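Visitor: I'd like to learn how to read the empty spaces and the helix faces in a protein model. Could you walk me through an example?

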Amino acid sequence: MTRSASRRAPRIGLALAGGGPLGAIYEIGALCALEHSIRGWRASEADAFVGVSAGGFVAAGLANGIGARELCRSFIENEGPAGDVFDPAMLMRPAWGEITRRLARLPLLGAGAAFDYAFGFASRGQLLDRLGAAVPTGVFSNSTVHEHLSRVFSAPGRSNDFRELDSTLVLVAVDLDSSQPTLFGRPGFDHVPISLAVQASAALPGLFPPVEIDGRFYVDGALRKTLHASVVLEEDLDLLIALNPLVPYSGHGDQPPQRGSHAPPARLVDGGLPQVLSQTFRSIIRSRMELGMRRYDAEFPGTDIVLFEPDSSDAQIFFTNPFSYSQRRWLAEHAFQATRAQLRARRDELAPTLAKHGLSFSTALDDARAKLLDARPAPRGRAQTALRRLERVLDEIEAMGGTGRAAPTAAAPSS
C-alpha cells in the first residue's frame, strides 16, 4: 500500500488481536521490541487503537499512556505500583455467582422436566434441553479485569472514560443476542467504562460468563473478526501496525524445548483436547485474518499496514502456560527476541515503509546483548533501587538515540 507525501505528521494506529494471557504477553514483548528497534517510536503515542479480547487489555493501557515496558513490569514481572500489578492467575477464580444462580434453578427445572417426561409431554432430548438452562455460562470470572482496570485508570493522568482520552480507542465485543460486533468507544457506546468494555471484549464463551452492559449481554469480540482493523483504518491513518498472537502450529514437534517450556509432542492429538481445541481455534482465527488483510488492502489503499505475528513453527509460543510466572518471563523475552529477529529479516522490506512516515530503525536492532528482562537479582534497599532506576532511564535515552546499547530493562521497580 502506498500513500502520497503529506506535510502533516503521520497518523499511526495499532490493531491488537486477542489470544488470552498468552496473546497479551506476546503483544507486550513484541511492542517492546518495536519500541527498542524503531528510533523514537512509542506504542502509547499512537493516534488510534483498536483492541479485541486480550488485545483490548493492552490497547486500553497504551491509550491511557501506560507504556509497553510499564505493561511488561506490571503484567509479566508483577512489579511497579501495587495498584498496577495484574496477575493472570486472577482469571482462574471460579465464577461462583454464575454457578450458584444456575444451580439454584436446577430443582425447579428438574421437577418440571421430570413431570413433562413422565406424562409424555417431552422427549429425552427435550428433557436435556430444559436442564441445559441450569448449566453455568462460564467457569471462571473475569470481573477482576473490570475491577482492576477501573483502579488503574483512576490514577492521575489516566481515565476510564473513552471520551477523555487524547487518542481514539475502540474495544470490540459481540452482542450475544444479535451476534453483531459492538464498538465500545464509538458514539452511542462511549459512555461505557473502558474497564467494563475490556471485560466484555475478553469474555470468551464457556470460559467466562457473558458481560451485561445496559441490559445487553456481550462476549469475546474475536467471535466475529480477528483484528477489526477497519474500525481505525477509517481514521485516515498513514500507517497501521497490527499484532496477531495466534497462528496455527506447524512445527510437527521437531523443536527442542527451551528453558521453562514443555517438550512438544510428536502429534498434537497426543496433547489431548486442549491442544486440539487450541489448534482449531488458531486455524480459524488465522484464516479469517488473511481474508481481512486482503480486504483492508483493497479498501484502504492509502494506508500502509504492517503485520507482526509468531512464526507458525514456533513451539515456544504454542506450548506454554501463561499463568506460570516463570513461563511468563521467558515467553515475554522470547517474543521480544523473536520480533527483533523478524525485524532484521524484514529490514529491506520495512525500512522504506517506515521512512515514508518519518521512522527508521535504530542501531539497537543489531545489538546482540539486548534483553527485555533483567536477569540481575532485584535490588535491595533504596540506594540500589534508585541506581537501577537511573540505569533504566539512561538505557531508554540511549536506545532512543540509536546508540546500540542494550535495551532498557523491564524488571527494575518503578516505585
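Guide: We will go through pockets, cavities, one helix and a pair of cysteines. Keep in mind that this is a predicted model.

Visitor: Let's begin with empty space. How is it found, and what is the volume of the largest pocket?

Guide: The general idea is simple: rolling a probe the size of a water molecule over the atoms shows where empty space is left. Here, the largest pocket has a volume of about 1,200 Å³. Its lining has 37 residues, and the ones closest to the centre are Gly19, Gly20, Pro21, Leu204 and Leu207.

Visitor: Which helix gives the largest share of that lining?

Guide: That is helix 10, with six residues. Helix 1 (20–37) and helix 2 also supply at least two residues each, as does helix 10 (273–299). Sorted by class, the lining of the largest pocket has 25 nonpolar, ten polar and two charged residues.

Visitor: And what is the make-up of the second largest pocket, by class?

Guide: Its lining has nine nonpolar, six polar and six charged residues. The volume of the second largest pocket is about 450 Å³. Of the 21 residues lining the second largest pocket, Glu98, Arg101, Pro209, Pro210 and Phe217 are the closest to its centre. Helix 4 contributes the largest share, five residues, and helix 8 (194–201) and strand 5 (211–213) each add at least two.

Visitor: Now the closed spaces. How many cavities of 30 Å³ or more are there?

Guide: There are four. The largest cavity holds about 110 Å³ of space. Among the residues lining the largest cavity are Phe57, Phe75, Asp84, His148 and Phe153. Helix 2 (54–63), helix 3 (68–76) and helix 7 (143–152) each give at least two residues to this lining, which divides into eight nonpolar, three polar and one charged.

Visitor: What classes of residue line the second largest cavity?

Guide: Ten nonpolar residues, with no polar and no charged ones. About 60 Å³ of space lies in the second largest cavity, and its lining includes Leu34, Ile38, Phe308, Leu350 and Leu354. Strand 7 (239–243), strand 8 (304–308) and helix 13 each give two or more residues to the lining of the second largest cavity.

Visitor: Helix 13 came up there. How do I read the faces of a helix?

Guide: An α-helix has 3.6 residues a turn, so residues three or four places apart point the same way. In helix 13 (residues 347–356), the buried residues are Leu350, Thr353 and Leu354. They lie on the same side of helix 13 because they cover an arc of only 100° around the axis. The face turned away from that buried side carries the exposed residues Asp348 and Ala355. After helix 13 comes Gly358, with a positive phi near 75°.

Visitor: Last topic, cysteines. How many disulfides does the structure hold?

Guide: Zero. The test is whether two cysteine sulfur atoms lie within 2.5 Å. For Cys32, the closest cysteine sulfur is that of Cys72, 5.1 Å away, so the two are too far apart for a bond.

Visitor: Are Cys32 and Cys72 buried or exposed?

Guide: Cys32 is buried, with a relative accessible area of 0%. Cys72 also counts as buried, at 0% relative accessibility.

Definitions and conventions: Residues numbered from 1 in each chain as written. Predicted model: local features only at pLDDT ≥ 70, side-chain atom pairs only at ≥ 80, totals over all residues. Heavy atoms only, no water. Buried < 20%, exposed > 50% of the residue type's maximum accessible area, 1.4 Å probe, protein only. Helix = DSSP H or I, 4+ residues; strand = E, 2+ residues; numbered from the N terminus. Arc of directions from axis to C-beta. 1 Å grid on protein atoms, 1.4 Å probe; cavity = no way out; pocket = protein on both sides within 12 Å on 5 of 7 lines; lining within 4 Å. Points joined across faces, edges and corners; volume = space filled by probe spheres on them. Nonpolar A, V, L, I, M, F, W, Y, C, P; charged D, E, K, R; others polar.
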